[in-house]
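User: Hey, got a minute to go through the ligand site with me? I'd like to start with what surrounds the ligand.

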Amino acid sequence: MCKTIAFLLLFNNMKKRLLSGVKPTGAPHIGNYFGAMRQFVDLQDEYESFVMIADYHALNFIHNKQEMEKNILDVTLDYLGIGIDPEKVIIFKQSDISAHTELAWIFDTITTMPYLMRAHAYKDAEAKNAEINVGTFNYPMLMAADILLYDPEIVPVGSDQKQHVEYARDTAQKFNKIYGDTFILPKELIMKDVATIPGTDGQKMSKSYKNTIPLFGTDEEIKKAVMGIVTDSKTPEEPKNPDECNIFALHKLFLQGEQLQNLRDKYSKGGMSYKESKEMLFEEILALVKPMRERREMYRNNIDTVKEILNKGKEKAKSIADTKMNIIRSNIGVNI
Ligand code: TYM
């Protein structure tokens, strides 16, 4: 028995690590789900997983106590609802582990402003002439700290976060060069077919473009979003090109093989309206989310259990982050 446990522990220790997170800035959408969150579930047996609620990143966008509290709990419920098993995955709040902000500061001291000015998010904000707060400017360093504290091999994300993971990797390299080997170099895991999920207008699905389909919306909210998908004005009878259709692009997330081919044929033949295609898509989304909703609801009715999960996650993440932080402090010469 003891030998079995020892073997299991050893086996567990050999598992590679994964870390990722979602900002609690509003209801996650199906772009977040297919682009990243689903991978957290699919990989939870294979990897020792750390899944964060990136609340300090969200603080760049939300300055309201009630909204922040609600969003944090909602994202936690969403994680549990989609099937992340809290017995397998360390689910934790970024703000619970102060090493994240401490390490971000240390990274600030080896990072130049021109380097951060090349970040897409910064350039986008600048192009909009927005007043950019320091937190937004510094965003990549906090994200580098989130990642590097836990030595993960992979960081599952959508393609919009690729550059941020590259920043983390560059920063690890830079730190290692100055202070000696301290961090492993993480890699983004971006699934090819779902790297950028399009929204209802065909652009990348994003809360800021208001083109999302909410993952845990009500039937009415999901239906409204789906029925609002932008199409051309072809009549039901006319043949349609599936590869130019925003609805079809989303069907591809739900249908495979023969089913997808049948729909493709229906498009090309003509005789199917966009309305019919949208109604089909609505049913496909419901079939995915219904069991998830039930699980989410179960946790929502047991909010103490959810808080307990976050507390346990905090303890586990903290012990790993504190150990790493000790090494970092020692390597930079402040542990005397
Ligand atoms: P966030 O909260 O904007 O998005 C969460 C995840 O969803 C992915 N995603 C998409 N994937 C495909 N198509 C889309 N349309 C789409 N929209 C969003 C994002 O790429 C992301 O993987 N900075 C991060 C949160 C974060 C983080 C981290 C992630 C903070 N620290 C450390 C990984 C590791 C963010 O704002 O994601």
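Analyst: Sure. Keep in mind that this is a predicted model. There are 28 residues around the ligand, and the closest are Lys23, Tyr139, Asp146, Asp160 and Ile197.

User: How does that shell divide into nonpolar, polar and charged residues?

Analyst: The shell around the ligand has 14 nonpolar residues, 10 polar ones and four charged ones.

User: OK, polar contacts next. What is the distance from the side chain of aspartate 160 to the ligand?

Analyst: An N or O atom in that aspartate 160 side chain is 2.3 Å from an oxygen atom of the ligand.

User: And which part of glycine 158 comes up against a ligand oxygen, backbone or side chain?

Analyst: Backbone: an N or O atom there lies 2.9 Å from an oxygen atom of the ligand. For asparagine 32 the side chain is involved, with an N or O atom 3.1 Å from a ligand oxygen.

User: How much of the ligand's accessible area does the protein cover?

Analyst: On its own the ligand has 720 Å² of accessible area, and the protein covers 97% of that.

User: Switching to pockets. Where does the ligand sit?

Analyst: In the largest pocket. As for secondary structure, β1 (16-22), α2 (30-42) and α8 (134-148) are the elements that give two or more residues to the shell around the ligand.

User: What volume does the largest pocket have?

Analyst: About 1,400 Å³. Its lining is made up of 50 residues, and Lys23, Tyr139, Asp160, Gln161 and Lys204 lie nearest the pocket centre. Lys23, Tyr139 and Asp160 are also among the residues closest to the ligand.

User: Which element gives the most to that lining?

Analyst: That's α2, with six residues. At least two lining residues each come from β1, α2, α7 (120-127), α8 and α9 (162-179).

User: Last one: what's the class breakdown of the lining of the largest pocket?

Analyst: 22 nonpolar, 20 polar and eight charged residues.

Definitions and conventions
Residues are numbered from 1 along each chain as its sequence is written. This is a predicted model: local features need pLDDT of at least 70, side-chain atom pairs count only at pLDDT 80 or more; totals for chains, interfaces and linings use all residues. Side-chain values use heavy atoms; hydrogens and water are left out. A residue is near a molecule or strand if one of its heavy atoms lies within 4 Å of it. A polar contact is a pair of N or O atoms within 3.5 Å; within protein, one must be able to donate a hydrogen and the other to accept it, and residues adjacent in sequence count only if both atoms are side-chain atoms. Accessible areas come from the Shrake-Rupley method with a 1.4 Å probe; for residues, only the protein chains shown count as cover. On a 1 Å grid over the protein atoms alone, a cavity is a set of points where a 1.4 Å probe fits but cannot get out, and a pocket is an open set with protein on both sides within 12 Å along at least five of seven lines; lining residues have an atom within 4 Å of a point. A molecule sits in a cavity or pocket if more than half of its atoms lie within 2 Å of its grid points. Helices (H or I, at least four residues) and strands (E, at least two) are DSSP runs, numbered from the N terminus. Ala, Val, Leu, Ile, Met, Phe, Trp, Tyr, Cys and Pro count as nonpolar, Asp, Glu, Lys and Arg as charged, and the others, Gly among them, as polar. Grid points are joined across faces, edges and corners, and a volume is the space filled by probe spheres set on the points.
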